[in-house]
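Me: Happy to have you along. Could you walk me through the reasoning behind some of the labels used for this model?

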Amino acid sequence: MKKPVALLALLLAVLFTLSGCRLVGTDTELDNKQVVLDVNGQTVTKGEFVKTWNDNVNYLAQMYQMFGQAMDPNDAALRADTMNETRDIYVRKFVIEQKAKELGLDQFNEADEKALNDEAQTSFDSTLQQYVDTYLTHTHEEGESEEVHEADTMTPEQKTETAKTEMAAEGFTFDSVLTGLREQKLEQRVREHAVADVAVSEEDITTDYNTKLQAAKDAYTANLAQYASDVSSGNDIYYVPAGYRYVKHVLISISDEDKTRMTDLQATLDSSNTTRSSLTESIAETTVPENATEEQKADIEQSKADLQAQLTEVEAIITSAQQELDALKVSAFAAVQPQADEALAKAQAGEDFDALITQYGKDPGMTAEPAKTQGYPVCAGMNTYETAFQDAAMALPSVGSLSGLVQTAYGYHILKYVGDSVEATTPVETLHDKIQQELLTAKQDTTFTTALQEWTAATKVTFRENLLK
């Protein structure tokens with residue numbers, strides 16, 4: 001199984017891995033011993049810097065690749081930017097270490113060391129197991145050939161030792177984890193010292209509350225649907241506007257297997273329809289110029305024929321996927337129809353709706369506050385919910401009304417109109433502690449950033465960029 005070059009998912013915890021290669025006196029090795037960065041006497045050699053610089057470039061390239069974007073790791077501007085970022089990271093690290101020493105915060109007692117070692121061991125073991133599971137474990141899929149994979153022949157002990165060796169080659173060891181945790185602890189201590197006197201006043205809290213309250217009123221006035229979006233996102237609610245109805249629902253869900261297959265088929269249809277449109281456009285644009293030679297005409301006609309053949313294939317895929325999707329919808333909903341009919345009959349008979357949600361419902365949102373108590377907020381013009389759900393919710397004539405069975409991609413829904421929103425302001429007391437903590441964190445962040453900038457400005461930093469040319 002192919003392994004990522006820098007083990008992206010496994011090595012995020014390690015910023016720096018300092019080279020331990022023995023120097024034997026060659027020109028290259030002597031060159032790599034030259035100091036390129038000096039921060040108040042703490043130095044980084046060219047070899048160390050270049051390795052970290054290249055690791056950062058490779059990490060960035062893999063991040064681009066993860067999101068389907070291309071990036072040239074040899075691009076001059078990119079390398080210049082990452083060189084400066086690498087320098088800044090080193091400088092920041094050294095400045096914090098030196099400040100910790102100056103303040104007497106760099107000592108770790110026996111209990112501290114034990115806690116660090118325990119945490120490092122837990123982190124290292126977890127990453128080691130992830131590596132074994134990801135790269136050294138082979139799962140035979142249904143229909144796969146019985147070919148023996150290397151992973152099948154290894155004992156658990158061999159897998160562990162192989163993982164340790166391969167991870168170490170990328171700079172990930174227990175010692176590197178321990179070093180990283182120690183650096184984090186130093187920064188935490190220095191930060192705590194820098195922000196020790198930071199506080200938030202009641203006036204600060206009141207001002208922030210009033211600002212956010214007015215912002216909420218303005219936002220909901222401009223777009224009433226924003227309130228439902230904020231509720232759905234779990235944002236703090238400072239103001240409840242009028243104009244909403246609250247709706248609860250019982251979701252009788254189709255099977256997860258059917259939902260997954262429907263999603264896959266719909267994705268195939270969406271992709272294929274896009275391809276069909278593109279091919280159709282290309283065919284229409286493929287014309288033979290009047291002055292074309294016979295050879296050119298033949299080439300163009302062949303290209304057009306090739307495009308038409310591709311279009312025929314895509315249309316066949318679309319037809320097949322649509323037929324399968326239509327049939328799957330029929331069978332999937334038929335499977336849950338008896339349960340849906342039973343739940344609807346109980347709702348229409350006046351049984352407790354919350355009890356029916358507990359008995360039949362499969363929407364986890366209906367079991368979490370505030371929806372568990374008040375229902376989902378719905379108003380005209382929203383696009384938060386599926387169209388069928390939205391339309392059914394807005395069609396309910398009055399509080400207490402029930403819908404019939406409403407079909408969406410999730411299954412059958414039975415909706416109940418449970419109430420209307422009443423314009424209200426959330427009291428400052430309700431949000432006080434959260435506002436206080438948010439303001440305190442922001443103030444501490446600013447204070448520490450400012451202090452770090454001041455310490456850095458007072459630090460003698462020598463960067464010999466010319467050695468990296």
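Reply: Gladly; this is a predicted model, and a few questions on its salt bridges and strands follow.

Me: Why is the contact between Asp55 and Lys51 called a salt bridge?

Reply: The cut-off is a Lys or Arg side-chain nitrogen within 4 Å of an Asp or Glu carboxyl oxygen. The closest N and O atoms of Asp55 and Lys51 are 3.0 Å apart, so the pair qualifies under that limit. The two residues lie four apart in helix α2 (residues 46-66), about one helical turn.

Me: What makes Glu161 and Lys164 a salt bridge?

Reply: Their N to O distance is 3.9 Å, and the rule asks for within 4 Å, so this pair counts too. Glu161 and Lys164 are three residues apart in helix α5 (residues 156-169), again about one helical turn.

Me: Why is Glu161 called partly exposed?

Reply: Buried means under 20% relative accessible area and exposed means over 50%. Glu161 has 46%, which falls in between, so the label is partly exposed. Lys164, with 34%, is partly exposed as well.

Me: How do you know that strands β4 and β7 pair?

Reply: Pairing needs at least two bridges. Nine bridges join β4 (residues 245-253) to β7, so the condition is met. The two strands run antiparallel, and Leu251 has His413 in β7 as its bridge partner.

Me: What makes β6 a partner of β7?

Reply: Three bridges join β6 (residues 406-408) to β7, so the requirement of at least two is satisfied. These strands form a hairpin with two residues between them.

Definitions and conventions: Residues numbered from 1 in each chain as written. Predicted model: local features only at pLDDT ≥ 70, side-chain atom pairs only at ≥ 80, totals over all residues. Heavy atoms only, no water. Buried < 20%, exposed > 50% of the residue type's maximum accessible area, 1.4 Å probe, protein only.
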